[in-house]
Structures are given as C-alpha cells and as structure tokens.
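Hello,

Here is the structure I promised to pass on to you. Please open it in your viewer and keep it beside this message while you read.

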Amino acid sequence: MTIRVAVIEPVSSGLALVDRAHALGWQAVVVGAGQPVDVDPNDEAALADALRAEHRRAPLAGILAGCEYYVPAAARIAAALGLPGTDPATVDRARDKALMRAAVAAAGLAGPGYLELQDVRELDLGCARIGFPAVVKPVDSCGSMGVRKVADPAQARAAVAAIHAETRLDLGVPLGRRVIIERYIQGPEFSADGYVLDGETVVVAVTRKLLGPEPYFVELGHLTPADLPAAVRARIGEYARAVVAAVGITRGPFHCELRLAGDEPVLMEIAARLPGDRIVDLLAATEGVDLPTVALAAATGGDPAELGAFRVPRARAAGIRFLTAAGAAFTGLDGFDDLEGEPWTAETEVFLPSGAPVSDPGDFRSRVAAVRFEADSPAHALQRWHEVGDRVRVR
C-alpha cells in the first residue's frame, strides 16, 4: 500500500518534503489555498476538517507543516488523528516568541532580557527595564519581518508603530500586533539544526549566519559548518539540546538561532521545522544528512536510515549568498550568469522577474537572487561568499 503524507502549504524547504516523499514512492498530499486539497490553511478548523476527510478517504501516515505558520496546526491535527508528531501541548512555544522566552528563562538558560508589551502604553516601561540597544519584534513573525534594532524610545515607538501599521500578508497571514522588546545581544549569529527522534535530540551541524546592515536582520547568507573551535561548537550543541527540551519539541526537525556573547550561546529563537534558505542542502552536502527525509520519518514513525536519510558527505564546506535590492524595480543581474559556469557553484536562482518592485530592505522580501556553492574549507566558503557579492551587481 502506498504511504500517504499530507504537507500543509509547502514553501522553501517545505517543497523538499514533497520532493523526497515522491522520491520514496510515497504520495504527498499537498494541502492549502489553491492546492490539490484546497482549503484556507489559516482557518485551523477548516484545515482539520479537510485533513480528516482526506484521512477517511485513504489513511494518512503523517502530517507535516510546509512552513513556519502551520507547525502548531500540524501537531494538533496529527495528534487528533492518532499520528506521530511533536506534543501539541508544547508546540505553540516554538511559534510564540513570548512563550518561547518564558520557557527558556524558566529552564535557567541564557537569553536576552525581554518584556511582552500587552499594550503600547507599556513601551516606556519596557524601554526602561530592558535598556538600549534593544530589539523590537512581533511574537509570531518569521523571515525577520517587523524585527528592528532600536537605540532609544523614539525608535522603539516607531518600530512598534510600523508593526501595527503593516498591511501586507505573507501566505495570507497578517503581521501580528503582539510585540516584545528584548535586549540586543552583540555577537556573531549561528543556527544549530537537527532533529528529535525516539527521545534523542541530534544536532546535525552548526551554521554561520551572515546578516545585512542593522537596524535590520536580513540573512544574506549561511556557511556550513561554522568556522568555530571544537569546544565552542560542542557548547552550542549542548545549549541547543537544552533549548529543545525547555521549549518542548518532542519530535521532528528544529532550527535553533543563537548568538555568541563571548563564547556563550544566547537564544534568538527556535522553530520546530526544517531550516529554510537551502540550509537543508548545505547539511546534505557537508554532513550527509538529508533533513527532509528525517522529517518524513519522524512524521510517520519510520526509520530515517531505512529511508536513506544518511549518506556520505560530498563537500567539506558549503554556503549560500543572497543578493538584495530595495526601493526600486529589479531589472537584472550583471555577472550572475558567469557564476553558473563555475565548478564550485551548486545552484543559482532568481526570485523576481525583470521589472518587479523590490520590497523595503527590512526582511527576506528584499532578496532577489541566490547562489549556492561548495568549498574546500569553512574559510574557503567565506571567501566564496564574498566573491559572489563582489562579482554580481543588482540592477
């Protein structure tokens, strides 16, 4: 009998879940607005009804979120249908940054001081308590949307006002109005990516994040593995496993973002899903671990090794460079085509058609193209990242 899994609104690495399921000979039932199972994924009751009907039609072996927004719904619906998944009682902590911060603090783990603003009139109190520099962010956004570094109360008020004034939707989801203000942590940023399966938390790799200019936090690239001393990498892994336990991610992949304050990791946020930005491809190249296949195994109660999730690495290091623009129409890329012929280039992608308007510079929507590459060492990968930026001009 064909194994069937449902994937809710797949984008970014969620698309890899569909691809890997097909490669295994499984049926991937894609669920969402305009999808084969056509339902508004932001209406959880309607989503649950649609998946129950699909399960009655032919049993589903697992339900997976195809992106950040639908992680809690996937966990709750899977549990209601008796399917594997992370604990629905804890999964909201991986989406709600205020709940996440509270859980990490209660576990005694390092995190920035923070305050959730129940009312905008509490902002002055928050500024006084947290101090500056600080970061203002919505509790339930992703892709750096609405996140700003602020240096004084006036900037904090402007950042909150911008969040509340935002009308654009992302996959039909508005930017939430609940906001936290937290202490800014100085230091380089990393992600620890891995999975939880059969009670074991595995950190597959630590990846360096390369960010654009502040006050924004746009991710311009990722390098795997991060060029770190072994002791620091081990400390990050230990810390990430503790965060996973504190937040309550009990099954499936996780993406833990943190900064190093000196040599000590401090949580930025954690998600109970696959990492985006092609990080899954960087891990496959350098670690031989196919996280989307691991995620399928976790969602169905299977063995990732039997599904072919673990292979021989093909590169010592890998990375991706994102190219950005803002405030004008995108018309092209000078030098981009030349990179496609380089032996170290693994993939190139242009996100926007010529003439498309480019979003403001504050989040992932300002990115217009990407180059994924492989290298002989972490230091060499950083050189490649700079080379891509030097050789390409965005018009």
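Below are my notes on the chain as a whole, followed by a handful of residues to visit.

Please bear in mind that this is a predicted model, so local features are taken up only where pLDDT is at least 70.

**The chain as a whole**

There are 11 helices and 22 strands in the secondary structure of the chain. For 395 residues, a compact globule would be expected to have a radius of gyration near 21 Å, and the chain agrees because its value is 21 Å. Along the principal axes, the C-alpha atoms fit a box of roughly 60 × 50 × 50 Å.

Of the 395 residues, 54% are buried. If you take the contacts between residues at least 6 apart in sequence, 67% of them join residues at least 24 apart. The accessible surface comes to about 16200 Å², and carbon and sulfur atoms account for 51% of that area. As for charge, the chain has 40 positive and 52 negative charges, and the mean positions of the two sets are 2 Å apart.

**Two cis prolines**

Next, please have a look at two peptide bonds. The bond from glutamate 214 to proline 215 is cis, with omega near 20 degrees. Proline 215 sits in the loop that links β12 (200-211) to β13 (219-224). The bond from threonine 224 to proline 225 is also cis, and its omega is near -5 degrees. Proline 225 belongs to the loop between β13 and α7 (230-247).

**Positive phi outside glycine**

Serine 12 is not a glycine, yet its phi is positive, at about 50 degrees. You will find serine 12 in the loop between β1 (4-8) and α1 (14-23). With a relative accessible area of 39%, serine 12 counts as partly exposed, because that value falls between the cut-offs of 20% and 50%.

Aspartate 198 is another non-glycine residue with a positive phi, in this case near 55 degrees. Its loop runs between β11 (189-197) and β12. Aspartate 198 has a relative accessible area of 66%, which is over 50%, so aspartate 198 is exposed.

**Two buried polar residues**

Is threonine 345 buried or exposed? Its relative accessibility is 15%, which is under the 20% cut-off, so threonine 345 counts as buried. Threonine 345 is part of strand β19, which covers residues 345-350. The side chain of threonine 345 comes to 2.7 Å from the backbone oxygen of leucine 339. Leaving aside residues up to four places away in sequence, threonine 345 touches Leu339, Val371, Arg372 and Phe373.

The last stop is aspartate 290, in the loop between α8 (279-287) and α9 (291-300). Aspartate 290 is buried, because its relative accessible area of 6% is under 20%. Which side chain makes a polar contact of 2.9 Å with the side chain of aspartate 290? The partner is arginine 20. With residues up to four places away in sequence left out, aspartate 290 touches Arg20 and Ala309.

That is the tour; please write back with whatever you would like to discuss.

Best wishes

Note on methods:
Residues numbered from 1 in each chain as written. Predicted model: local features only at pLDDT ≥ 70, side-chain atom pairs only at ≥ 80, totals over all residues. Heavy atoms only, no water. Helix = DSSP H or I, 4+ residues; strand = E, 2+ residues; numbered from the N terminus. Rg over C-alpha atoms; globule rule 2.2 N^0.38 Å. Buried < 20%, exposed > 50% of the residue type's maximum accessible area, 1.4 Å probe, protein only. Contact = heavy atoms within 4.5 Å. Areas by Shrake-Rupley, 256 points an atom, 1.4 Å probe, with all protein chains shown as cover. Lys, Arg positive; Asp, Glu negative; His and termini not counted. Charge placed at Lys NZ, Arg CZ, Asp CG, Glu CD. Polar contact = N/O pair within 3.5 Å; in protein donor to acceptor, adjacent residues only side chain to side chain.
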